[in-house]
Amino acid sequence: MLDYRIINHLDNHAGGCHLVTWPGSPLLADPLFDACPVVSEMVARAKNTVADTCFGCAPFARITLIPLNIWHDEQRDALTQALRPLFNAPTSPRLLLDASANAPGLSSALRYLFNLEHTLMDLGLRKPQPDAVRLRQIDVWCQPEQTAALKTQLRQQQAIAHGMVAARRLADLPSEQCTPQFVVEEAQRLCANIPALRCEVLDERAIVEQGLGLLYAVGKGSERPPRLLAIHYDGVETGPVRSYVGKGITFDTGGLWLKEGAGMYTMKYDMCGAANVLGLMLSIAALALPVRVMGVLALAENAIGPGAMQPGSVARACNGLTVEINNTDAEGRLVLADAIAWASQRHPQTRYIIDMATLTGAVVKALGYALSGLMTQDEPLRAALTAAGKQSGDEVWSLPLDARLKTQTESAIADLCNTPGNNAAISASAAWLLHHFCPPEIPWAHLDVSGTALWREGGKSVASGRPIPLLIQHLLNDLQM
């Protein structure tokens with residue numbers, strides 16, 4: 001993890017670092033700036049726009065002044081957006097960040113900076129660039145009375161970013177490497193030295209024996225068989241279990257309902273839900289939260305092969321419900337349905353179950369790339385997740401979920417059908433199918449993160465680690481109730 005420290009005096013901390021501050025900051029009153037005349041010129045320029053220079057700013061390697069209105073523009077995550085171009089190619093391995101502005105977007109910005117621990121270069125698939133500068137140290141300056149609150153903020157955001165980085169690394173890997181079994185082994189490796197975490201694995205034989213027919217149906221066409229991975233966290237000995245379920249389609253061809261080539265290009269990311277459940281569990285452990293949690297990863301490759309599921313086939317879930325598979329490219333809801341049902345059976349007294357998935361392109365058309373879709377019939381859970389989204393900067397937006405969607409999942413041959421025949425309300429119809437697999441006495445919510453699980457910039461997509469910040473904030477709030 002990137003190292004950080006809190007400082008209240010510059011002393012010897014300035015030499016060779018990249019300073020990011022704001023016009024009018026008390027930091028700029030330090031006598032050190034008397035010998036740095038460029039700063040007064042930058043303050044005049046930085047009223048409405050970012051002022052940035054690498055020249056004439058000794059002892060600093062670089063100075064950036066960001067207008068105060070950007071620090072306080074929380075809704076657009078403006079501070080993080082201002083930082084991104086600065087760190088695409090860092091000037092210095094050390095950052096001195098002025099945190100004295102009491103910026104509401106500071107948590108998001110700190111999380112972004114800690115996430116710089118991982119880039120695509122770290123996968124080892126490109127020729128190394130030995131001369132490239134990487135951020136290694138973050139010094140955060142504040143006034144003495146701000147230290148205690150900042151210490152908590154930094155600890156939380158570093159722990160959240162730790163889980164996000166693990167999830168992003170896993171999701172960014174090519175699918176020929178990141179198979180269901182690889183995800184299991186990587187999770188076991190990451191959890192091995194954390195006493196509070198333990199892994200439980202169902203291979204393809206156990207999946208059949210325990211009746212997870214939907215998960216098996218999706219994975220049986222691949223030479224890389226499906227897996228169900230449960231990660232258990234015991235931060236306390238007793239108490240209700242909070243469960244999280246993630247869709248882990250390590251590659252999605254669409255099956256016999258074959259996708260177009262362009263539609264397949266980013267399908268290695270169809271396991272972001274599962275990767276983020278793993279990352280969430282690591283963040284919870286890093287924070288040592290006093291809670292019991294179970295994370296369930298439903299892992300399969302939706303491939304074409306002699307055993308691939310066929311349109312019109314019927315599979316039975318572990319709760320006994322049968323589903324007609326009229327579209328093999330709607331496989332994510334199948335693996336989620338079995339995993340939700342399995343989780344509810346594993347811990348019948350679960351406080352809640354929250355699932356997350358890159359489930360439908362329709363949610364992107366509805367909400368774009370900034371908001372995750374939230375679907376639930378439990379109003380307290382809806383309100384809590386919405387509030388946590390606003391607090392964390394990882395926001396959700398509710399879509400309807402009620403009995404008006406009933407006809408969208410009706411089948412003449414089975415209990416349910418996996419896709420509506422009218423191509424309407426695609427995202428909500430998928431959630432309506434899923435709600436049948438969670439007992440009504442257990443609060444349940446579905447997060448469609450198709451728009452938010454990836455960060456898109458310059459025509460390229462990489463894993464974002466969302467909605468881990470949302471879920472950690474929700475859990476912290478829930479523990480305070």
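The following exercises, with worked solutions, concern helix packing, enclosed and open spaces, and backbone geometry in a predicted model.

**Exercise 1. The packing of α3 and α4**

Task: Determine how the axes of helix α3 and α4 are oriented, and which residues make the contact.

Solution.
Step 1. Helix α3 covers residues 78-87, and α4 covers 106-114.
Step 2. The two axes come within 9 Å and cross at roughly 25 degrees.
Step 3. Angles under 35 degrees count as roughly parallel, and α3 and α4 are therefore roughly parallel to each other.
Step 4. The crossing in which α3 passes α4 is right-handed.
Step 5. On the side of α3, the contact is made by Leu79, Thr80, Leu83, Arg84 and Phe87. On the side of α4, the residues are Leu106, Ser108, Ala109, Tyr112 and Leu113.
Step 6. Sorted by class, the residues of this contact are seven nonpolar, two polar and one charged.

**Exercise 2. The packing of α5 and α10**

Task: State whether helix α5 and helix α10 are roughly parallel or roughly antiparallel, and describe their contact.

Solution.
Step 1. Helix α5 spans residues 147-172 and helix α10 spans residues 272-287.
Step 2. Their axes lie 8 Å apart, at an angle of about 150 degrees.
Step 3. An angle over 145 degrees counts as roughly antiparallel, which makes α5 roughly antiparallel to α10.
Step 4. These two helices cross in a right-handed sense.
Step 5. Residues of α5 in the contact include Arg155, Ala159, Ile160, Met164 and Leu170. Those of α10 include Cys272, Ala275, Leu278, Leu282 and Leu287.
Step 6. The full set of contact residues divides into 13 nonpolar, six polar and one charged.

**Exercise 3. The packing of α13 and α15**

Task: Find the angle between α13 and helix α15, and the classes of the residues in their contact.

Solution.
Step 1. The element α13 runs over 379-392, while helix α15 runs over residues 468-479.
Step 2. The angle between them is about 115 degrees, and their axes are 8 Å apart.
Step 3. As α13 passes α15, the crossing is right-handed.
Step 4. From α13, Leu381, Ala384, Leu385, Ala388, Gly389, Gln391 and Ser392 take part. They meet Pro469, Leu470, Leu471, Gln473, His474 and Asn477 of α15.
Step 5. By class, this contact has seven nonpolar and six polar residues, and no charged residues.

**Exercise 4. A cavity and a pocket**

Task: Describe the largest cavity and the second largest pocket by volume and by lining.

Solution.
Step 1. Rolling a probe the size of a water molecule over the atoms shows where empty space is left.
Step 2. In the whole structure, one cavity of 30 Å³ or more is found. The volume of the largest cavity is about 70 Å³.
Step 3. The lining of the largest cavity consists of Glu74, Asp77, Pro104, Gly105, Ser107, Ser108, Gln391, Ser392 and Gly393. At least two lining residues come from each of α4 and α13.
Step 4. This lining has one nonpolar, six polar and two charged residues.
Step 5. Among the residues of the cavity lining, Ser108 also belongs to the contact of α3 with α4, and Gln391 and Ser392 also belong to the contact of α13 with α15.
Step 6. The second largest pocket has a volume of about 820 Å³. It is lined by 32 residues, of which Lys259, Asp329, Leu359, Thr360 and Gly361 are the closest to its centre.
Step 7. The elements β9 (241-252), α11 (332-346) and β18 (454-457) each contribute at least two residues to the pocket lining. The classes there are eleven nonpolar, 13 polar and eight charged.

**Exercise 5. Backbone geometry**

Task: Locate two cis peptide bonds and a positive phi.

Solution.
Step 1. Most residues other than glycine have a negative phi, and most peptide bonds are trans.
Step 2. The bond from Ala58 to Pro59 is cis, with omega near 10 degrees. Pro59 is in the loop between β3 (51-53) and β4 (62-65).
Step 3. The bond from Arg466 to Pro467 is also cis, with omega near 15 degrees. Pro467 lies in the loop between β19 (460-463) and α15.
Step 4. Asp77, although not a glycine, has a positive phi of about 50 degrees. Asp77 sits in the loop between α2 (68-71) and α3, and it also helps to line the largest cavity.

Conventions. Residues numbered from 1 in each chain as written. Predicted model: local features only at pLDDT ≥ 70, side-chain atom pairs only at ≥ 80, totals over all residues. Heavy atoms only, no water. 1 Å grid on protein atoms, 1.4 Å probe; cavity = no way out; pocket = protein on both sides within 12 Å on 5 of 7 lines; lining within 4 Å. Points joined across faces, edges and corners; volume = space filled by probe spheres on them. Helix = DSSP H or I, 4+ residues; strand = E, 2+ residues; numbered from the N terminus. Nonpolar A, V, L, I, M, F, W, Y, C, P; charged D, E, K, R; others polar. Axes fitted to C-alpha atoms, helices over the stretch in contact; angles between N-to-C directions. Parallel < 35°, antiparallel > 145°, perpendicular 65-115°, else oblique. Left-handed = near helix turned anticlockwise from the far one by under 90°. Contact = heavy atoms within 4.5 Å.
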